[in-house]
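Subject: Structure handover

Hello,

Here is the structure you are taking over. My notes on what was found in it follow below the entry.

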Amino acid sequence: MDASAADLAALQGRWEQVSLEADGIADPPDPYSGPGVVLTIRGHAFHVHHPGGETLLHGVFELNAASVPKAVTWIDAIGDDAGKPLPASYELEQDRFVFIAADAGGPRPMVFRTRMGLTMREFRRLG
């Protein structure tokens with residue numbers, strides 16, 4: 001199994017968002033976040049929702065674990081960025097998943113620190 005397939009397999013399931021940083025600001029107001037927000041990954045599809053079930057975002061993604069840093073491209077199916085590839089980098093360590101994404105059209109982030117146009121989200125696996 002190649003590294004991307006291994007990471008894809010490891011990402012399957014439910015993850016709770018534990019931190020958010022956008023445009024250099026920790027925990028800013030965000031329509032896709034909030035207490036208890038859950039990211040569910042099935043295959044190459046993702047679904048972000050409140051614990052009560054309200055969908056905040058969904059779409060598909062592609063991984064490239066061979067790049068340095070590891071790369072993920074998100075494509076939202078709804079919202080302001082629907083259909084636009086969002087270049088991101090990620091780290092995956094057991095029950096911790098973090099990614100930093102650029103706005104559509106921006107370059108893929110190479111460091112895990114935000115500035116204008118970058119959003120970083122951290123998740124922990126739910127049992």
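Read from the start of the sequence, the secondary structure runs α-β-β-β-β-β-β-β-β-β. That makes one helix and nine strands in the chain. Please keep in mind that this is a predicted model.

Overall shape

The chain has a radius of gyration of 13 Å; a compact globule of 127 residues would have one near 14 Å, so the two agree. The C-alpha trace spans about 40 × 35 × 25 Å along its principal axes. Of the 127 residues, 39% are buried. The chain exposes about 6,700 Å², and 55% of this area comes from carbon and sulfur atoms. As for contacts between residues at least 6 apart in sequence, 41% of them join residues at least 24 apart.

Charges and salt bridges

The chain carries 11 positive and 17 negative charges, and the mean positions of the two sets are 3 Å apart. Side chains of opposite charge can pair when their charged atoms come close. In this structure there are seven salt bridges. Three of them are described here, starting with a pair from two strands.

Glu-16 and Arg-124 form a salt bridge through their side chains, with an N to O distance of 2.6 Å. This pair links distant parts of the chain, since Glu-16 belongs to strand β1 (residues 13-22) and Arg-124 to strand β9 (residues 118-125), with their positions 108 residues apart in the sequence. Which of the two counts as buried, and which as partly exposed? Glu-16 has a relative accessibility of 16% and counts as buried, because the cut-off for buried is under 20%. Arg-124, at 43%, counts as partly exposed.

The other two bridges have Arg-96 as a partner. Its side chain meets that of Glu-91 in a salt bridge of 3.4 Å, N to O. Arg-96 also forms a salt bridge with Glu-93, where the closest N and O atoms are 3.5 Å apart. Through shared partners, salt bridges join Glu-91, Glu-93, Arg-96 and Glu-122 into one network. Arg-96 is partly exposed at 26% relative accessibility. Glu-91 is partly exposed too, with a relative accessible area of 28%, and Glu-93 is partly exposed with 47%.

The surroundings of Lys-70

Where does Lys-70 lie? Lys-70 is part of strand β6, which covers residues 70-76. With a relative accessibility of 25%, Lys-70 counts as partly exposed, because partly exposed residues fall between 20% and 50%. Leaving aside residues up to four places away in sequence, Lys-70 touches Asp-7, Asn-64, Ala-65, Ala-88, Ser-89 and Tyr-90. Ser-4 is 66 residues from Lys-70 in sequence, and the C-alpha atoms of Ser-4 and Lys-70 are 9.0 Å apart in space.

Regards

Conventions. Residues numbered from 1 in each chain as written. Predicted model: local features only at pLDDT ≥ 70, side-chain atom pairs only at ≥ 80, totals over all residues. Heavy atoms only, no water. Helix = DSSP H or I, 4+ residues; strand = E, 2+ residues; numbered from the N terminus. Rg over C-alpha atoms; globule rule 2.2 N^0.38 Å. Buried < 20%, exposed > 50% of the residue type's maximum accessible area, 1.4 Å probe, protein only. Contact = heavy atoms within 4.5 Å. Areas by Shrake-Rupley, 256 points an atom, 1.4 Å probe, with all protein chains shown as cover. Lys, Arg positive; Asp, Glu negative; His and termini not counted. Charge placed at Lys NZ, Arg CZ, Asp CG, Glu CD. Salt bridge = Lys/Arg side-chain N within 4 Å of Asp/Glu carboxyl O.
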